[in-house]
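I opened this notebook page to record how the strands of one model are arranged. The entries are kept in the order in which I looked things up.

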Amino acid sequence: MKNEGPNVFGQMPAVPKFLASLLLMLALSVTAAAQNRKISIDMQNVTVKEFFAEIEKRSDYTFAYNNSEIDLAARVSVRAVDEEIVAVVDRTLAPQRLRARIEGNRVVLSPGRAAVPPPSSTKPVKAEKTISGRVTAVSGEPIVGASVIVKGTSIGNVTGISGEYTISAEPEQTLSFAFLGYDTKEVKVGSRTTIDVTLTEQNKQISEVVVVGYAPMRKSDFTGSIASVKSSELSVTAPTVGQSLAGKVAGVEVHQTSGAPGDGVTIRVRGVNSLSASSDPLYVIDGYPASEDVFINPNDIESIDILKDAASAAIYGSRGASGVVLITTKRGKEGEAAKVSYDFSYGIQQLDHKVDLLNAVQFRDLLIDARNNSYRLRATAAGVSWSPYDDNTVRAAKGFSLAEVGIPSMFYDFTTRTPVTPQYDTDWQDELFSNAGIMRHNVSVTGGSKAIKYMASLGYMDQDGIISPSNHNRINARLNLDAQITKRLSVSLSYSMYDAKNRVVQAEGRMINDGVIQSALMYLPNLPAYEENGDYARSAMIKMKTEWGMNFPENPLAIAHELDIQEKMSRHNLNVNMVYEFIPDLKLSARLGQQWYNYRYFYYRPMSIGRDAAVAYSDALKPYNIARTTSTYDVDRLGEFMLSYKKEFGRHHFDALAGYTLQKKTYDRLGVEATGFADDRIHEVTAHGSEATDVQLYDTRKAGWAMMSFLTRVNYAFDDRYTLTASFRADGSSRFGVDSRWGYFPSVSAGWTLSNEPFLKDALERVASIRLRAS
């Protein structure tokens with residue numbers, strides 16, 4: 001059969017067939033019964049409204065009640081394992097004298113009983129007494145809103161603002177004290193009427209949820225290496241997300257690439273792992289894999305999770321080889337009234353330290369000694385007489401180059417045989433560097449109801465560089481929406497954009513390539529920065545190159561201010577995620593997204609900046625009088641389809657994930673270079689000369705890549721002590737070799753939480769968590 005062309009992904013391997021089977025097995029392994037009458041739930045100190053919402057979320061039932069008969073703001077605590085929903089609701093609402101019954105797919109509430117069952121006529125009535133006390137944390141701080149319940153009954157209360165409580169109980173009964181984030185404590189009443197209780201904080205790792213790739217997971221179940229940074233730990237005054245991470249994560253190197261305003265950082269999660277390819281980590285923002293760090297407003301970030309080892313990053317396949325940085329932005333919360341926040345900050349940036357250089361007198365003396373030593377060595381080797389007082393004419397007459405042995409008259413007066421007092425003593429670092437301001441405004445609006453939650457933000461930053469006139473100006477905007485379309489279908493939308501402008505100073509690089517910093521370090525302190533008329537003192541060292549053998553940098557101030565380099569860039573990202581819950585704990589999600597990136601680069605080198613032996617405004621400078629313009633347009637498209645399932649039964653916790661992803665990115669860049677300008681009035685390529693050779697293409701390319709992947713992950717945990725995780729990903733990429741379009745990335749890891757073992761729990765009471773893991 002005729003081959004019409006290469007197949008980008010090659011022949012479909014057997015692995016996708018296995019994954020398809022796994023998807024089917026996951027769907028069939030769950031009971032198809034729509035009415036789930038039993039539930040496992042653990043909620044502490046929540047409102048009745050929140051309790052109803054959780055029941056509705058985890059079952060097919062909705063609640064029906066009369067608003068005048070129920071207090072939805074009352075706080076309750078409930079724990080149940082595989083228990084009938086009616087029984088759970090009955091017990092929880094007993095203090096409000098409400099009874100629950102099932103009618104179809106509704107839980108109907110109606111008055112029907114007393115809060116405390118009447119005593120049996122066949123048993124003697126036991127004497128109740130009032131118990132009071134305080135509930136505090138280990139630190140001594142009162143715990144407000146802790147629940148105090150008579151165990152085995154529906155009698156309960158909540159602690160006040162000072163942690164105080166009162167409750168009625170019998171001597172034989174036991175009081176249960178509970179609060180979210182703390183271990184529950186039980187105390188037998190006995191003969192006491194005052195019971196003060198101290199609650200210890202729970203191991204947060206058990207209930208904390210982290211994003212580890214395509215689906216959240218309990219941190220206690222995660223067996224890979226992860227570092228998490230919350231929004232409160234980030235430096236919101238840092239210009240970029242990368243800079244705000246500096247010093248926050250162990251084992252992750254964050255290096256500032258330069259001191260230019262708005263410039264990013266280099267992040268190394270597992271060091272440098274390639275000689276030719278990039279060692280940058282993969283950035284995933286709200287589930288969207290991006291190829292590079294983008295300008296995200298640090299105020300918009302909820303958390304950053306960094307996957308550091310190979311096992312945890314394997315779910316991202318080939319692109320996770322250098323680690324994965326997962327960025328989750330803030331979103332609205334249910335029941336949160338609209339809240340407007342405004343933040344303003346202003347700071348000053350300054351040079352950390354200067355390089356210790358010679359002043360004008362020191363350089364003068366050094367040059368005189370150096371040239372006399374050079375003269376002596378050459379004269380001795382040539383067998384001719386010499387004297388340090390021989391003037392330049394004598395030295396040249398003896399056949400020596402003044403570029404090697406001559407002393408310019410600005411340094412030494414041969415007629416008086418004395419060094420010349422310097423006319424100038426310029427500190428070029430003081431001239432070049434200055435204090436620079438950085439200003440930031442941020443405004444955000446958050447809120448939500450059961451139907452829709454929202455977060456919108458707008459940020460503006462203006463950052464000057466410590467080398468004038470460098471500047472970074474940026475606008476950020478973000479909109480996050482979460483909508484509950486139906487009971488089973490939810491949709492999340494994330495849109496973000498930034499628009500930035502840079503005025504660039506070519507600080508880095510050699511002086512021959514207009515590197516400003518090296519030019520400042522090499523420029524003579526004996527020369528002035530400005531002429532008497534206020535203009536830059538141009539090309540003074542360039543004029544000394546041929547005759548006196550000096551280095552030839554141009555005045556760094558002229559380079560910084562007159563070399564015109566500007567950048568304009570914008571990025572837009574639209575990300576839509578739809579989740580359909582077939583039955584509780586079985587969800588199908590589809591994520592569709594697109595990212596647009598525009599970049600414009602402008603460069604113009606005027607005739608006013610000398611170079612090499614060509615002084616400013618000379619004809620020899622025309623080849624360097626050039627303009628460049630580059631335009632870049634990149635488009636990235638993403639499609640992800642995931643089926644996830646999780647289940648808790650007793651002490652067992654199981655979750656599984658299987659999915660299919662597609663991603664494609666195209667690059668389009670066009671660059672033009674122009675010469676032959678009549679003057680420096682127009683800094684655009686359109687002002688080029690009339691010759692055909694005055695315009696040519698520069699840095700032009702068109703490229704793209706595509707990737708298709710299949711992935712799966714299975715996690716099992718027993719009793720919050722033993723955890724086993726396995727994942728597998730198959731990547732088919734156009735960037736792989738023609739004969740090996742597919743790459744396979746399996747991983748397995750296991751963990752043992754020693755601090756949860758009964759025989760060690762008491763001994764490790766003051767230790768948050770100890771875990772052994774291998775991957």
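The entries below concern a small set of strands, their partners and one helix.

Entry 1. I note at the outset that the model is predicted.

Entry 2. I looked up the strand order of one sheet and found three strands in an open arrangement, ordered β2-β5-β4, with mixed pairing. I then asked why one side of β2 and of β4 is left without a neighbour in the sheet. Both β2 (62-64) and β4 (98-103) stand at the edges and have a single partner strand each, so one side of each has no neighbour there. I also recorded the turn between neighbouring strands of this sheet, which is 30° on average with direction ignored.

Entry 3. I turned to the pairing of β2 with β5 (residues 106-111): the two strands run parallel and are joined by three bridges. Within this pairing, I traced Ala64 to its bridge partner Val108 in β5.

Entry 4. I checked what packs on this sheet and found helix α3 (residues 85-92), which touches β2, β4 and β5. The direction of α3 makes about 160° with that of β4.

Entry 5. I moved to β25 (residues 436-448) and β26 (residues 452-464), which run antiparallel and share eleven bridges. A hairpin of three residues links β25 to β26. Opposite Ile438 I found Gln463 in β26.

Entry 6. I followed β26 onward to β27 (residues 471-484) and recorded 13 bridges between these antiparallel strands. They form a hairpin, with six residues between β26 and β27. For Tyr454, the bridge partner in β27 is Leu481.

How values were computed:
Residues are numbered from 1 along each chain as its sequence is written. This is a predicted model: local features need pLDDT of at least 70, side-chain atom pairs count only at pLDDT 80 or more; totals for chains, interfaces and linings use all residues. Side-chain values use heavy atoms; hydrogens and water are left out. Two strands pair if DSSP finds at least two bridges between them. Helices (H or I, at least four residues) and strands (E, at least two) are DSSP runs, numbered from the N terminus. Axes are lines fitted to C-alpha atoms, for helices over the stretch in contact, and angles run from 0 to 180 degrees between N-to-C directions. Contact means heavy atoms within 4.5 Å.
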